[in-house]
Each structure stands twice: as C-alpha cells, then as structure tokens.
Amino acid sequence: MSKQVLMVVTNHTTITDGQKTGLWLEEFAVPYNMFKEKGYNIEVTSIRGGDVPLDPNSLEDADKPEWKEAKALLRETKKLSVDHVNNTDAIFLPGGHGTMFDFPDNETLQAVIQALAEDQKVIGAVCHGPSGLVNVTYKDGTPLVNGKKVNGFTDIEEKEMQLENHMPFLLEEMLRERGGEFIAGDKWTDFSIRDGNLITGQNPMSSESTARKVVEALEE
C-alpha cells in the first residue's frame, strides 16, 4: 500500500496593501517532488480551495522544469476538509508568509492535525508552515508542540526581512509560548529537526531536509 500524504497550503495574498504574499513555491515543489519520487499518493489542498497565490519573492526559480507539475497543481486545489484525515499517513505544511494569516485559526486545519496527532501520524511543516501548529492541541487540551523539539522561521530571520511588525505574531516566540523547545539553526541555512513524528524546518533552504525527515518517518 502506497503512503498517503496530505499537503495543505495557504490562500492568503497580502501582508500590507503594497506587499503581496502567498505560498513559498520551493517549500511546496521540493517536498512534492520528493514524495512523488517515493511513489506516495499526494493530496494537494488549501484553506479555501481554488487557485493558490505564490509569494512574488519565491518566483526566481519558478520556471524550473522539475517544478512544472507541482506548480500546475496549485491552479485548482481542493478545499481542506475534515474528511481528508481518512487514510492520511502524513500531513505537510509548506510555508510562505500567507500561512501566518490563514493557518493558525482555521478550525478545519486544527481538527485535521489533532486527529492525525492522536493517531500518531507524521506531521511535517517548514518555514512559516508551523504557524498551522501553534493552536493545535491534543484532545486533552495539551498543545501539540508542548515539550517537543520544534523549529520554524526564526525571529531573527523575520526581523531581517523587516516584516516582524506586519505579522500577527512572531512564529518562534509563539512556538515557545506553546511549550515548544525551539531549536534554531544558523539564519538562512538549511536546518530541520525531528521529534518523534513531528518534523519542522526553518526556512526555504530547509525544504528538502524537512521532506526527507518526513520520508524517513513514513518508512520506519
């Protein structure tokens, strides 16, 4: 039986009136290709369904031939529903600043992740993708990240982008508040961490290593 991977991406398009955002393409395309290469069944969904906006700053390599298929799938995504829990072995949350706005308080995403966590399924997220984890709890109310080694886009990286004042919260700070043991790598370098079935990565450069850890967890 082939593994089933659920990928959930953002639909949010703006940071400020003059600054567009969305999904960071590399953080979706690289893991997608890795999961496909392993022969996994991949379900691509988004918070609202439909077309997925891409962060303009992530389009430098958008025409890579190996990203063509993944990019095409973003034109018409399915809306995430609680039914997507069924038969799912792993969930993966790519980032992009858009996720900071439509991931944290989405009740459907919270319900899906909670159900997968309760069933000890694999949960992966990279860069701002872990924003989808900050409000997830187990059924007993314990935060998902409490007592776990976690990672994500660091406060230093956010401040260097001069976007800290435009975010609903700082991701590193919030993960710490939720009881996560935040472990940061060097800024703007590949860093990801695995704690059991929870896998998180720091930035776009960490897309491949985060996805590889998800694969390792699925293959055990």
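Start by selecting Glu-208 in this predicted model. With a relative accessible area of 41%, Glu-208 is partly exposed. Now add Arg-212 to your selection: Arg-212 is partly exposed too, at 36% relative accessibility. Zoom in on the two side chains and you will find them meeting in a salt bridge, 2.5 Å from N to O. Which helix holds this pair? Both Glu-208 and Arg-212 belong to helix α7, which covers residues 207-219. They sit four residues apart, about one turn of the helix.

Next stop: helix α6. Select residues 171-177 to show this helix, then pick out Arg-176 and Glu-172, which both lie in it. Here again the spacing is four residues, about one turn of the helix. The two form a salt bridge, and their closest N and O atoms are 2.8 Å apart. Is Glu-172 buried or exposed? Glu-172 is buried, with a relative accessible area of just 11%, while Arg-176 is partly exposed at 42%.

For the last stop, leave the helices and select Lys-78 and Glu-43. These residues form a salt bridge as well, with 3.3 Å between the closest N and O atoms. Color strand β5 (residues 78-79) to see where Lys-78 lies, and strand β4 (residues 41-46) to see where Glu-43 lies; because of these positions, the pair ties together parts that are 35 residues apart in sequence.

How many salt bridges does the count come to? The count is seven, and the tour has visited some of them, including Lys-78 with Glu-43.

Definitions and conventions. Residues numbered from 1 in each chain as written. Predicted model: local features only at pLDDT ≥ 70, side-chain atom pairs only at ≥ 80, totals over all residues. Heavy atoms only, no water. Salt bridge = Lys/Arg side-chain N within 4 Å of Asp/Glu carboxyl O. Helix = DSSP H or I, 4+ residues; strand = E, 2+ residues; numbered from the N terminus. Buried < 20%, exposed > 50% of the residue type's maximum accessible area, 1.4 Å probe, protein only.
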